[in-house]
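Good morning, and thank you for the opportunity to speak. I would like to walk through one structure with you, looking at how its helices meet and then at a few single residues.

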Amino acid sequence: MFHGDLFNEFETAKNYQEAFLSMKREWDKGKRDLSICLNLGFLSWYLSVESGNTFVTEGLNENDYEMIELTLNEVTEKGIHNFSTKTQFLLIFGYMITLFPQHFGDYEHWESIGKNMLSKAYKLEPSDPIIEMLFLADSMKSEGYKNACLRAKEHITDRFKNKGLMDKYFQDVFDR
């Protein structure tokens, strides 16, 4: 059985390889709830995006990166199939895909998918200030975006309250 605290300990110690492998083992055993999908998907994305940053990726080799990329593709596909009505999935994956669509495949195709995910999240929860902030991010100079950023600040630590890398990352980048 996988324990989220152990996963967080690996991440806090910057032992991302062990964090990834531990979560991947649970995924491969068939444990595919929303939390594992989000955390494994995020960690796969993060390690893929940071592949040139040796501070983050120390200890990872070419085989690890191949497994990370395959995992990112699999988790994204399963997540879209199983969690496409869950706003947290749409928010996290929509953000990741929109920011770096090339890590998911064809740039324009995946950029469109990411934007559609954020749009769908906004349609499902238009009063959520974090979702609204990301939905309006294409028009960063607008008053609506600026107001959404101000409102979102109050909710970031409530939504992203765990100790793991994903929540810490989003606490930092969404605090605009």
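Let us begin with helix α2, residues 16-28, and helix α3, residues 34-49, which pack at an angle of about 140° with their axes 10 Å apart. The cut-off for roughly antiparallel is over 145 degrees, so α2 counts as oblique to α3. Their crossing is left-handed. Which residues of α2 and α3 make the contact? From α2 they are Tyr16, Ala19, Phe20, Met23, Lys24, Glu26 and Trp27, and from α3 they are Ile36, Cys37, Asn39, Leu40, Leu43, Ser44 and Leu47. Sorted by class, this contact of α2 with α3 holds ten nonpolar, two polar and two charged residues. I should say at this point that the model before you is a predicted one.

One of the α3 residues in that list, Cys37, deserves a further word. Cysteine 37 has a relative accessible area of 0%, and because buried means under 20%, this residue is buried. Cysteine 149 has a relative accessible area of 6% and is likewise buried. How many disulfides does the structure hold? The number is zero.

The next pair is helix α6, residues 87-99, with helix α7, residues 107-124. The axes of α6 and α7 come within 8 Å and cross at roughly 150°. That angle lies over 145 degrees, and therefore α6 is roughly antiparallel to α7. Here, too, the crossing is left-handed. The α6 side of the contact consists of Thr87, Phe89, Leu90, Leu91, Phe93, Gly94, Tyr95, Ile97 and Thr98. The α7 side consists of Trp110, Glu111, Gly114, Lys115, Met117, Leu118, Lys120, Ala121 and Leu124. By class, the contact of α6 with α7 has eleven nonpolar, four polar and three charged residues.

Helix α6 also packs against helix α11, residues 165-174, at an angle of about 65° and with the axes 13 Å apart. The range from 65 to 115 degrees counts as roughly perpendicular, so that is how α6 and α11 stand to each other. The crossing of α6 past α11 is left-handed. Ile92, Tyr95 and Leu99 of α6 meet Met166, Tyr169, Phe170, Val173 and Phe174 of α11. What classes of residue make up the contact of α6 with α11? Eight are nonpolar, with no polar and no charged residues. Please note Tyr95, which is listed in the contact with α7 and also in the contact with α11.

I turn now to two single residues. Lysine 86 lies in the loop between α5, residues 62-83, and α6. Is lysine 86 buried or partly exposed? Its relative accessible area is 43%, and because values between 20% and 50% count as partly exposed, lysine 86 belongs to that group. From C-alpha to C-alpha, lysine 86 is 23 Å from phenylalanine 20 in space, and the two are 66 residues apart in sequence.

The second residue is threonine 57, found in helix α4, residues 54-57. Threonine 57 is buried, with a relative accessible area of 6%. Leaving aside residues up to four places away in sequence, threonine 57 touches Leu47, Glu50, Ser51 and Tyr65. Of these, Leu47 also appears on the α3 side of the contact with α2. Threonine 57 and alanine 148 are 91 residues apart in sequence, and their C-alpha atoms are 34 Å apart in space.

Thank you for your attention.

Note on methods: Residues numbered from 1 in each chain as written. Predicted model: local features only at pLDDT ≥ 70, side-chain atom pairs only at ≥ 80, totals over all residues. Heavy atoms only, no water. Axes fitted to C-alpha atoms, helices over the stretch in contact; angles between N-to-C directions. Helix = DSSP H or I, 4+ residues; strand = E, 2+ residues; numbered from the N terminus. Parallel < 35°, antiparallel > 145°, perpendicular 65-115°, else oblique. Left-handed = near helix turned anticlockwise from the far one by under 90°. Contact = heavy atoms within 4.5 Å. Nonpolar A, V, L, I, M, F, W, Y, C, P; charged D, E, K, R; others polar. Disulfide = S-S within 2.5 Å. Buried < 20%, exposed > 50% of the residue type's maximum accessible area, 1.4 Å probe, protein only.
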